[in-house]
Amino acid sequence: MSLLIINIKELLQVRETNVTIVKGNDMKILPTIKNAYVLIDYDTIVEYGSMDDYENIEADEVIDAKGKIVLPAWCDSHTHLVFAGDRSQEFVDRINGLTYEEIAARGGGILNSAEKLQNTSEDELYEQSLKRLNAVIKLGTGAIEIKSGYGLTVDAELKMLRVIKRLSKESQVKIKATLLGAHALPKEYKDNKSAFVDLVINEMIPKVSKERLAEYIDVFCEKGYFSLEDTERILNAGVEHGLIPKIHVNQFNAFGGVALGVKYNALSVDHLEELNNEDVDALKNSKTMPVALPSCSYFLSIPYTPARQIIDAGLPIALATDYNPGSTPSGNMNFVVSTACIKMKMTPEEAINAATINGAYAMGISNQYGSICRGKKANLIITKEIPSYHYLPYAFGDNLIDKVIINGRIVL
Ligand SMILES: N=CN[C@@H](CCC(=O)O)C(=O)O
Ligand SMILES: [Zn+2]
């Protein structure tokens with residue numbers, strides 16, 4: 001089955017195979033071809049170029065993309081898309097004056113979601129999560145990372161990870177799974193945190209690794225959650241079991257979590273709303289991707305990750321949604337890209353690089369996803385007719401997507 005897209009107004013993010021990350025000043029450059037075509041064979045991009053060089057190509061299906069822009073599908077490297085129910089009551093509580101931390105301290109927050117998830121069957125959890133996944137695919141997401149972390153018991157964490165595995169088998173999108181056993185301290189361990197960390201280390205990690213339910217290990221390294229010492233113990237155990245660190249750090253406080261992530265060769269350090277010079281220095285000369293989650297800042301009214309400081313230090317940055325019921329009930333990468341431009345002063349080129357190739361890097365898949373490249377997976381967005389690609393972040397809140405192609409198949 002082949003699919004040919006012709007008369008593309010502008011084809012974005014055209015890269016050589018060896019480009020798997022974009023950093024610093026290079027993030028300002030978004031390579032494009034105007035008046036272009038792309039040929040897909042089965043699930044792979046096999047050819048692309050300018051319509052000026054186009055010679056009649058036979059294909060099973062042809063799309064005329066006149067006036068439209070084509071770009072790689074979004075690569076969302078940080079989500080908690082598998083969860084039960086919602087936390088809209090906490091949203092109202094925050095409007096009425098409580099803070100996110102205060103809600104958590106009185107047993108709401110992550111513990112609230114954990115209770116809901118523990119009381120939800122695996123099939124029901126799958127159905128709820130599949131709906132969310134299909135919705136974000138229609139918004140242009142073609143590769144996504146999903147974390148556990150609302151189980152907080154061995155059984156419930158395994159249940160979440162099995163749901164992620166089932167989504168990954170039954171959906172066309174690329175899915176990467178992360179064990180976030182240490183997301184919050186369950187009530188039963190209130191006065192014995194080290195016993196819970198032991199449970200993560202001695203039971204969750206070995207089981208998850210043996211059953212190959214996750215590739216990454218995550219920790220919510222934050223005051224009131226898990227300390228540097230807890231985080232280091234968990235990362236050590238994860239690495240020993242073949243899991244790669246990808247951690248939550250610096251959401252509310254900067255106290256050395258970034259350097260710890262770098263020390264453990266974390267693939268990414270995520271959040272970074274609070275970032276100091278030591279954190280930036282730690283990231284220099286590392287292979288760790290800083291990941292910003294602007295929808296979380298928007299929803300919680302907390303600072304935005306200082307993207308300019310990061311990029312101007314010569315570093316890369318990725319953008320992701322953080323889709324979860326508490327701090328970001330949205331999996332819309334289009335909104336993320338707009339918000340990064342509007343609030344973090346990233347240029348459209350930087351934001352698109354951050355949401356495609358660098359997002360793919362933060363999932364360890366940028367050799368296969370995140371750019372238009374011969375041999376890469378055919379995961380593409382075709383926009384509606386728009387004046388330029390700047391219009392994507394500019395017209396925030398509009399749905400500008402006409403078609404989404406995943407693995408060479410039109411899914412919207
Ligand atoms: N910060 C930790 N974890 C999630 C939020 C969890 C929740 O509130 O349910 C996040 O990345 O924002
Ligand atoms: Zn998160």
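In the UniProt record, an unreviewed entry, the feature "binding site" is placed at His78, His80, His248 and Asp322. These positions are spread over 245 residues of sequence, yet they cluster in space, with a largest C-alpha distance of 12.0 Å. The structure shown here is a predicted model, and the paragraphs below walk through the surroundings of these residues, then a second annotated group, the ligand, two helices and the domains.

A good place to start is His78, which is found in the loop between β6 (74–76) and α1 (88–95). His78 counts as buried because 30 other C-beta atoms lie within 10 Å, where 20 or more are needed. Leaving aside neighbours within four places in sequence, the contacts of His78 are Glu145, Asp270, Val291, Leu293, Ala320, Thr321 and Asp322. One of these, Asp322, also carries the "binding site" annotation from UniProt.

His248, by comparison, sits in a strand, β10 (residues 244–249). With 28 other C-beta atoms within 10 Å, His248 is buried. Beyond four places in sequence, His248 is in contact with Asp218, Val219, Phe220, Cys221, Glu222, Asp270 and His271. Asp270 thus appears among the contacts of His248 and among those of His78.

The unreviewed UniProt entry also gives a "binding site" annotation that covers Tyr150, Asn324 and Gly326. Here too the residues cluster in space, although they span 177 residues of sequence: the largest C-alpha distance is 11.0 Å. Tyr150 lies in the loop between β7 (141–147) and α5, and is buried, with 30 other C-beta atoms within 10 Å. Not counting residues up to four places away in sequence, Tyr150 touches His80, Phe83, Ile110, Ser113, Ala114, Leu117 and Met160. Asn324 belongs to the loop between β13 (318–319) and α12 (333–344). Because 27 C-beta neighbours fall inside 10 Å, Asn324 counts as buried. With the same sequence neighbours left out, Asn324 touches His80 and Phe83, two residues that Tyr150 touches as well.

Some of these names return around the ligand. In total, 13 residues surround ligand 1, and the closest are Ile110, Phe220, Asn324, Gly326 and Ser327. By class, this shell divides into 4 nonpolar, 8 polar and 1 charged.

Ile110 leads on to helix α3 (residues 110–118), in which Ile110, Asn112, Ser113, Ala114 and Leu117 are buried. Several of these, including Ser113 and Leu117, are touched by Tyr150. The cover over the buried residues of α3 includes α2 (100–105), α4 (122–138) and α5 (154–170). Helix α13 (residues 348–355) is mostly covered, as 8 of its 8 residues are buried. Among them are Pro348, Glu349, Glu350 and Asn353.

On a wider view, the domain assignment of the chain gives domain 1 (2–72 + 370–410) and domain 2 (75–361). The C-alpha centres of domain 1 and domain 2 lie 29 Å apart, and 29 residues of domain 1 are in contact with 32 residues of domain 2. On the side of domain 1 that touches domain 2, β5 (68–72), α15 (391–394) and β15 (401–406) each supply at least two residues. The largest share of that side, 3 residues, comes from β15. By class, the side of domain 1 that touches domain 2 has 17 nonpolar, 8 polar and 4 charged residues.

Notes. Residues numbered from 1 in each chain as written. Chains lettered and ligands numbered in written order. Predicted model: local features only at pLDDT ≥ 70, side-chain atom pairs only at ≥ 80, totals over all residues. Buried ≥ 20, exposed ≤ 12 C-beta atoms within 10 Å, placed from the backbone. Helix = DSSP H or I, 4+ residues; strand = E, 2+ residues; numbered from the N terminus. Contact = placed C-beta atoms within 7 Å. Near = placed C-beta within 6 Å. Nonpolar A, V, L, I, M, F, W, Y, C, P; charged D, E, K, R; others polar. UniProt positions renumbered as here; feature names shortened; annotations may be inferred. Domains from an automatic or database assignment.
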